[in-house]
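Please look over the sequence and the model below before reading on. The report that follows takes up pockets, core residues, aromatic rings and a few single residues in turn.

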Amino acid sequence: MPRASAAAAAETARRVLEAARDRFAADGFAAASVDDIARRAGVTRGAVYHHYDGKLGLFVAVAEQLQAEVAARVVAEAEKETDAAAQLRAGSHAFLDAITDDRAARILLVDAPAALGWSRWRELDAAASGRELREAVEALGAFPEGLVEALAQQLSGAMNEAALWLADRPGDAQARRAAHAALDLLLVALAPS
């Protein structure tokens, strides 16, 4: 039996990942089924297991993809600024918007800690936007090394809670404005203008 080309295998993996992302966002990790994901991707259940080692492996791939997308948006917005405080502000606001786009909040903030466990979820977060946030706080140059990590973690927690709050209020423009205004108050405490 001929092996599929690398391009065909990559396309299959991409379709499975896309279908899984849709199902995890719509149904949640627990309710999403590998059979439904395979059917929507136009592949067999075996193909899902071949590329992603089952439902949990597929979920990890989706979470990593989303983390990378969020981090890329944060970096892109922060890099538009030249001043460290403005970069922190732009990146933080970009995070809040990115994490609440495409129902990423459900996957990354609700299901991922439960499905992956707290430690693995923290590793994923730290490797993506968590690292960027720590570097942004450190770039302010205003805090002793021992406080940088604590400040970054607390700011991250506040933004994650704001994202969950917004996820419960889809389409609520007033809530989104309030979340951004509250974030600005926190950021001014870290880096006064």
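## Pocket, core and rings

Helix 8 contributes the largest share of the lining of the largest pocket, namely seven residues. The model is a predicted one, and the space in this largest pocket comes to about 330 Å³. Of the 21 residues that line the largest pocket, Val-74, Ala-78, Glu-132, Leu-133 and Ala-136 are the closest to its centre. Helix 8 (129-139) is one of the helices that each supply at least two residues of this lining, and the others are helix 4, helix 5 (84-99) and helix 9 (145-167).

Besides the pocket there is one cavity of 30 Å³ or more, and the largest cavity has a volume of about 30 Å³. Its lining is made up of Gln-67, Phe-95, Ile-99, Leu-108, Leu-109, Trp-121, Asp-125 and Asn-160. Helix 5, helix 6 (104-116) and helix 7 (118-127) each give at least two residues to the lining of the largest cavity.

We turn now to the nonpolar core. The largest nonpolar core holds 57 residues, of which Val-16, Phe-24, Leu-58, Leu-88 and Leu-155 touch the most other members. With nine residues, helix 4 (residues 54-78) gives the most to this core. For Leu-155, when residues up to four places away in sequence are not counted, the residues touched are Leu-88, Ser-92, Leu-133, Leu-183, Leu-186, Leu-187 and Leu-190.

Phe-24, which is among the core members with the most contacts to other members, also takes part in ring pairing. The model has four aromatic pairs. In one of them, the rings of Phe-24 and Phe-29 have centres 5.8 Å apart and planes at 35°, and because stacked planes must be under 30 degrees apart and edge-to-face planes over 60, this pair counts as tilted. Phe-24 and Phe-29 are both buried, and ring pairs join these two with Phe-59 into a cluster. Phe-29 has a further partner, since the charged end of Lys-55 sits over its ring at 4.7 Å from the ring centre.

Three single residues can be set side by side by their place and their relative accessible area.

| Residue | Place | Relative accessible area |
|---|---|---|
| Thr-12 | helix 1 (residues 6-27) | 16%, buried |
| Asp-53 | loop between helix 3 (45-52) and helix 4 | 67%, exposed |
| Met-159 | helix 9 | 5%, buried |

Why is Thr-12 counted as buried? Its relative accessible area is 16%, and buried means under 20%, so Thr-12 falls within that class. Leaving out residues up to four places away in sequence, Thr-12 touches Val-43, Ala-47 and His-51.

Asp-53, by contrast, counts as exposed because its relative accessibility of 67% lies over the 50% cut-off. The backbone of Asp-53 also deserves a look, for its phi is near 55°, a positive value in a residue other than glycine. Most residues other than glycine have a negative phi.

Met-159 has a relative accessible area of 5%, which is under 20%, and therefore this residue is buried. When neighbours within four places in sequence are left aside, Met-159 is in contact with Ser-92, Phe-95, Leu-96, Leu-133 and Leu-183. One of these contacts, Leu-183, is 24 residues apart from Met-159 in sequence, while the C-alpha to C-alpha distance between the two is 7.5 Å.

Terms used. Residues numbered from 1 in each chain as written. Predicted model: local features only at pLDDT ≥ 70, side-chain atom pairs only at ≥ 80, totals over all residues. Heavy atoms only, no water. Phe/Tyr/Trp six-rings, centres within 6.5 Å; stacked < 30°, edge-to-face > 60°. Buried < 20%, exposed > 50% of the residue type's maximum accessible area, 1.4 Å probe, protein only. Lys NZ or Arg CZ within 6 Å of the ring centre and 35° of its normal. Core = buried A, V, L, I, M, F, W, Y, C linked by side-chain atoms within 4.5 Å. Helix = DSSP H or I, 4+ residues; strand = E, 2+ residues; numbered from the N terminus. Contact = heavy atoms within 4.5 Å. 1 Å grid on protein atoms, 1.4 Å probe; cavity = no way out; pocket = protein on both sides within 12 Å on 5 of 7 lines; lining within 4 Å. Points joined across faces, edges and corners; volume = space filled by probe spheres on them.
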